[in-house]
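Me: Please take one part of this chain and look at it closely. I would like to know what lies around it and how it fits into the rest, in plain terms.

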Amino acid sequence: AQARQQANKQFWRVYVQGQLGRFWSRLTGRSNQLEALAEHKNTNGRYAGLQTVMLAQIRGSEGRTGDFDSRFRPLHNSDQARWVGVAAAMQAGIVMPPVQLVQVGSRYFVRDGHHRLSVAHLLGQAEVDAQVSVWEEEGD
């Protein structure tokens, strides 16, 4: 119960930071949104296996660009229950399944694992384990 209580406080802290980041982004005109995978055309995709990926290289999402900011802070409090559950589990040492990413050039896009990435950022992790697919775009 205490782990969930702590995770709940952490959620509200990163959620508020996300809201402040969104506000600051509007003021400065600098985007803090995740890139959309849909903007990239897959001409030749392949599975590249389990890899360790630096969090800083994960720049976008397949379908949740409006749910998390570029630092994977949640932007909707409707994500709270899921986020708190993941945070409590990770902080209790429970090994989570690898996230699913698509690599396009040197950037990665999340297919599955947004909450795990959000918590990994909070915990100060530099990298995550991921199942990676590689997309090659026209001209690559």
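**Helix α3 and its surroundings**

Reply: In helix α3, the buried residues are H114, H115, R116, L117, S118, V119 and A120. The model is a predicted one. Helix α3 covers residues 114-122, and with seven of its nine residues buried it is mostly covered. The cover over these buried residues includes β3, α2, β4, β5 and β6. Just after the helix comes G124, which has a positive phi, near 80 degrees.

To place the helix, start with the chain as a whole. It has three helices and six strands, which follow one another as α-β-β-β-α-β-β-α-β. Of its 140 residues, 41% are counted as buried. Among contacts between residues at least 6 apart in sequence, 82% join residues at least 24 apart. The C-alpha trace spans about 50 × 40 × 25 Å along its principal axes. The radius of gyration is 15 Å, which agrees with the value near 14 Å for a compact globule of 140 residues.

The sheet comes next. The six strands make an open sheet with mixed pairing, in the order β1-β3-β5-β4-β6-β2. Its edges are β1 (35-36) and β2 (44-54), each of which pairs on one side only. Helix α3 lies across four of the strands, namely β3 (58-61), β4, β5 and β6 (127-136), and runs at about 125 degrees to β5.

Two of the pairings under the helix involve β5. Strands β4 (residues 99-104) and β5 (residues 107-112) run antiparallel and are joined by five bridges. The hairpin that they form has two residues between the strands, and G105 in this hairpin takes a positive phi near 65 degrees. Within this pairing, L101 has V110 of β5 as its bridge partner, and V102 has F109 of β5. On the other pairing, β3 and β5 are parallel and share three bridges. There I58 stands opposite Y108 of β5.

Several of these residues reappear in the interior. The largest nonpolar core has 27 residues, and V53, I58, F72, W83, L101, L117 and V128 are the ones with the most contacts inside it. At least two residues of this core come from each of α1 (2-28), α2, β4, β5, α3 and β6. The largest share comes from α2, with six residues. L117, one of the residues with the most contacts in the core, is also one of the buried residues of α3. Nonpolar side chains tend to be buried together in soluble globular proteins.

V53 is another of the residues with the most contacts in the core. Leaving out neighbours within four places in sequence, V53 is in contact with I58, L101, Y108, A126, E127, V128, A130 and V132. A second core, separate from the first, has five residues, among them L37, V102, F109 and W135. V102 and F109 are thus met twice, since they are also bridge partners across β4 and β5.

Helix α3 also has a contact with the loop between β3 and α2 (80-91), which is where D79 lies. D79 touches H115, as well as F11, R64, D67 and F68, residues up to four places away in sequence not being counted. At a relative accessible area of 8%, D79 is buried. H115 is itself on the list of buried α3 residues.

Two of the other residues touched by D79, F11 and F68, lead to the aromatic rings. There are five aromatic pairs in the structure. The rings of W12 and Y15 form an edge-to-face pair, because their planes are at 90 degrees, with the centres 5.3 Å apart. Both residues are in helix α1, three residues apart, or about one turn of the helix. Y15 is buried, at a relative accessible area of 15%, whereas W12 counts as partly exposed at 34%. The rings of F68 and F72 have centres 6.5 Å apart and planes at 45 degrees, so this pair is tilted. F68 and F72 are both buried. Ring pairs also link F11, W12, Y15 and W83 into a cluster. W83 and F72 are both among the residues with the most contacts in the largest core, to which α3 supplies at least two residues.

Key: Residues are numbered from 1 along each chain as its sequence is written. This is a predicted model: local features need pLDDT of at least 70, side-chain atom pairs count only at pLDDT 80 or more; totals for chains, interfaces and linings use all residues. Side-chain values use heavy atoms; hydrogens and water are left out. Two strands pair if DSSP finds at least two bridges between them. Contact means heavy atoms within 4.5 Å. Axes are lines fitted to C-alpha atoms, for helices over the stretch in contact, and angles run from 0 to 180 degrees between N-to-C directions. Buried means under 20% relative accessible area, exposed over 50%, partly exposed in between (1.4 Å probe, protein chains only). A nonpolar core is a set of buried Ala, Val, Leu, Ile, Met, Phe, Trp, Tyr and Cys residues joined through side-chain atoms within 4.5 Å. Rings of Phe, Tyr and Trp (its six-membered ring) pair if their centres lie within 6.5 Å; planes under 30 degrees apart count as stacked, over 60 as edge-to-face and the rest as tilted. The radius of gyration is taken over C-alpha atoms; the globule rule is 2.2 Å times the number of residues to the power 0.38.
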